[in-house]
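Work through the following exercises with the sequence and the model at hand, and try each task before reading its solution.

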Amino acid sequence: QVQLVESGGGLVQAGGSLRLSCAVSGSISRINPMGWYRQAPGKQRELVATISSDGSTNYADSVKGRFTISRDNAKNTVYLQMNSLKPEDTAVYYCNAPRVLTWGGYEYDCWGQGTQVTVSS
């Protein structure tokens, strides 16, 4: 069984920083890519950033220059460093690993439970 466990959300003032973490557990042989999405109240879920196993990254225009995605392949963990936070960054942030391959030969599209990020003005 594969699980994604997120941590690091919370309440922060505008201009502040938070770091999200997402650890993938299970009998995993490969994870590619990994990413973060977010969903604000009344809005659709949107892509924040993705990172491939070779370190290639992709960001939404709204977070470029402020957020940094990284991963530790040995720990099957992805991080999202969020700086210069704005009230419009307030949302539930979800970790996603759309292709998790297990040693048993199974492939999963996995989502975390979500972590709330609230930025006050």
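**Exercise 1.** Determine over which rings arginine 45 lies, and at what distance from each ring centre.

*Solution.* A charge sits over a ring if NZ of Lys or CZ of Arg is within 6 Å of the ring centre and within 35 degrees of the ring normal. Arginine 45 lies over the face of tyrosine 94, at 3.8 Å from the ring centre, and also over the face of tryptophan 111, at 4.8 Å from that ring's centre. The model is predicted, so local features need pLDDT of at least 70 and side-chain atom pairs count only at pLDDT 80 or more, whereas totals for chains, interfaces and linings use all residues. Residues are numbered from 1 along each chain as its sequence is written, and side-chain values use heavy atoms, with hydrogens and water left out.

**Exercise 2.** Find which cysteines form a disulfide, and state which parts the pair ties together.

*Solution.* With a disulfide taken as a pair of cysteine sulfur atoms within 2.5 Å, a search of the whole structure gives 1. Cysteine 22 and cysteine 95 form this link, with their sulfur atoms 2.2 Å apart, and the angle of -80 degrees about the S-S bond makes the link left-handed. Because cysteine 22 belongs to strand β3 (residues 18-25) and cysteine 95 to strand β10, the pair ties together parts that are 73 residues apart in sequence; strands here are DSSP runs (E, at least two residues), numbered from the N terminus.

**Exercise 3.** Explain why cysteine 110 forms no bond with the closest cysteine sulfur.

*Solution.* The closest cysteine sulfur, in cysteine 95, is 9.1 Å from the sulfur of cysteine 110, which is too far for a bond.

Terms used
Helices (H or I, at least four residues) and strands (E, at least two) are DSSP runs, numbered from the N terminus.
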